[in-house]
Amino acid sequence: MKYILTEKNLDKDLKNEDAGSKAILDINKIAKEMGYKELNIYRLNKNRSFWNKLKNQLVSFYSWLRIIRVINKDDILLMQTPIRERMFGRNICQYYLYKHGVRIISILHDVESLRNMWELTSYDSQEFNVTINNSTYLIVHNKSMHKKLKELNVPSNKMIDLEIFDYLYNKQIFKKNDNSNAIVIAGNCSIKKSPYIYKLGNLKSNFNIYGPNFNKDKSKEINNINYKGSFDANVIPEKLDGKYGLVWDGNKLDECAGNTGKYLQYNNPHKASLYLASGLPLIVWEKSAIAKFVKENNVGVSVDSLYELDDVLKNISNDDYRKMKENVNLVSGKIRNGFYMKRALSIAEKSRNEN
């Protein structure tokens with residue numbers, strides 16, 4: 001039997017709490033299409049009182065005990081990590097399942113030890129160690145993350161490279177203005193998360209901005225950006241209007257700096273999948289992990305600095321752009337149908353790794 005672990009809130013389904021969870025929801029859907037049966041881990045609301053924390057621990061531990069009773073040796077348990085809740089039962093129960101022959105496949109969505117966005121807590125370290133030590137396979141973002149984790153003593157034979165995240169979308173996309181030369185930026189627009197956005201006035205290119213937390217006051221004097229609004233993850237592909245999609249992060253225009261910027265050297269940004277699913281070629285940082293995918297598939301361009309944008313884009317002929325669009329459409333079809341995760345899961349299912 002094959003199972004996928006899904007976190008649920010007893011008061012409210014988690015999928016309604018976090019608009020950024022499309023990647024998780026897409027993987028749930030892909031897994032179910034491949035025959036995985038859902039097993040739920042429950043928790044209570046976010047009230048952090050002592051009694052609520054205690055009830056949370058008891059509810060989650062009971063959920064894990066139920067899973068132990070259901071799963072048998074040689075069954076497959078698919079987990080999406082990091083796990084949100086600090087479940088004391090997980091450490092014991094995942095260890096028990098792994099040691100009793102359950103094949104655990106863990107999908108690494110984020111690795112805090114690489115991102116280091118915040119100072120690592122003891123839970124972050126513990127959660128990571130439990131995932132690494134008690135998983136048969138780890139589905140990691142790409143070869144760059146694979147290499148870095150290997151340097152951190154994660155066994156290479158445990159890791160399967162995803163290459164890029166999927167972005168399920170089954171609607172036909174009609175672009176209103178395919179001749180637009182604007183560059184699309186989608187994601188969290190807060191000054192704290194994406195400070196570079198508020199420095200784009202130093203560039204000549206035009207930008208269409210999509211996403212929450214955009215600060216209109218800070219952008220009043222920036223004439224080359226146009227805020228288009230914030231949309232649900234299942235709607236935004238048809239809303240994006242532009243010629244390219246930009247994957248950038250940090251507080252600088254001449255490089256991707258800061259913790260979030262440097263993290264691009266290892267991770268697959270979900271916005272890259274959004275752009276490709278929407279039919280947009282990518283503009284990425286030359287040193288980012290996703291740059292290799294862009295070059296190998298000819299689905300965009302890479303730059304060391306955003307100050308290079310004007311010159312780089314001027315040198316792309318109409319024929320060059322047409323070829324990029326053709327390649328984007330090929331990759332888009334795969335991403336929109338879950339090709340990459342299906343491939344990674346199929347490799348894990350067929351392999352027998354004695355760790």
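In which helix do Asp319 and Lys323 both lie, and how many residues apart are they? Panel A has the answer, after a quick note on the model. This is a predicted model, in which local features need pLDDT of at least 70 and side-chain atom pairs count only at pLDDT 80 or more, while totals for chains, interfaces and linings use all residues. Residues are numbered from 1 along each chain as its sequence is written, and side-chain values use heavy atoms, with hydrogens and water left out.

**Panel A. Asp319 and Lys323 share helix H11.** Both residues lie in H11 (residues 318–336), four residues apart, which is about one turn of the helix. Helices here are DSSP runs of H or I with at least four residues, strands are E runs of at least two, and both are numbered from the N terminus. The side chains of Asp319 and Lys323 meet in a salt bridge at 3.5 Å, N to O. To count, a side-chain nitrogen of Lys or Arg has to be within 4 Å of a carboxyl oxygen of Asp or Glu. Asp319 comes out partly exposed at 35% relative accessibility, and so does Lys323 at 39%. For these labels, buried means under 20% relative accessible area, exposed means over 50%, and partly exposed is in between (1.4 Å probe, protein chains only). The pair also belongs to a network of salt bridges that links Asp319, Arg322, Lys323 and Glu326.

**Panel B. Lys193 and Asp249 join two loops.** The structure holds 14 salt bridges, and one of them puts the side chains of Lys193 and Asp249 2.9 Å apart, N to O. Lys193 sits in the loop between strand S7 (183–186) and strand S8 (207–210), and Asp249 in the loop between strand S10 (244–247) and helix H7 (258–263), so the salt bridge ties together parts that are 56 residues apart in sequence. The Lys193 end is partly exposed, with a relative accessible area of 27%. The Asp249 end counts as buried, at 9% relative accessibility.

**Panel C. Lys220 and Asp217 pair up out in the open.** Both of these residues are exposed. Their side chains form a salt bridge at 3.6 Å, N to O.

**Panel D. Strand S4 is boxed in.** Is S4 (residues 103–108) buried or exposed? Six of its six residues are buried, so the strand is largely enclosed by the rest of the structure. In a regular strand the side chains alternate between the two faces of the sheet. On one side of S4 are Arg103, Ile105 and Ile107, on the other Ile104, Ser106 and Leu108, and all of them are buried. S4 has strand S3 (residues 76–81) as a parallel partner, with six bridges joining them; strands pair when DSSP finds at least two bridges between them. In that pairing, Leu78 has Ile105 as its bridge partner. S4 also runs parallel to strand S5 (residues 137–140), over three bridges, with Ser106 opposite Leu138.

**Panel E. S10, S11 and S12 pair in the parallel sense.** Three bridges join S10 to S11 (residues 282–285), and Gly245 stands opposite Leu282 there. S11 then pairs with S12 (residues 300–303) over four bridges. Look for Trp285, whose bridge partner in S12 is Val303.

**Panel F. One cavity turns up.** A search of the whole structure finds one cavity of 30 Å³ or more. A cavity is a set of points on a 1 Å grid over the protein atoms alone where a 1.4 Å probe fits but cannot get out, and its lining residues have an atom within 4 Å of a point. The volume is about 30 Å³, taken as the space filled by probe spheres set on the points, which are joined across faces, edges and corners. Ala23, Asp26, Ile27, Phe165, Asp166 and Met341 make up the lining. Helix H1 (residues 22–33) supplies the largest share, three residues. By type, the lining has four nonpolar residues, no polar ones and two charged. Ala, Val, Leu, Ile, Met, Phe, Trp, Tyr, Cys and Pro count as nonpolar, Asp, Glu, Lys and Arg as charged, and the others, Gly among them, as polar.

**Panel G. Cys189 and Cys256 are buried.** Cys189 has a relative accessible area of 1% and Cys256 has 2%. How many disulfides does the structure hold? Zero, with a disulfide taken as a pair of cysteine sulfur atoms within 2.5 Å.

Note on methods:
On a 1 Å grid over the protein atoms alone, a cavity is a set of points where a 1.4 Å probe fits but cannot get out, and a pocket is an open set with protein on both sides within 12 Å along at least five of seven lines; lining residues have an atom within 4 Å of a point.
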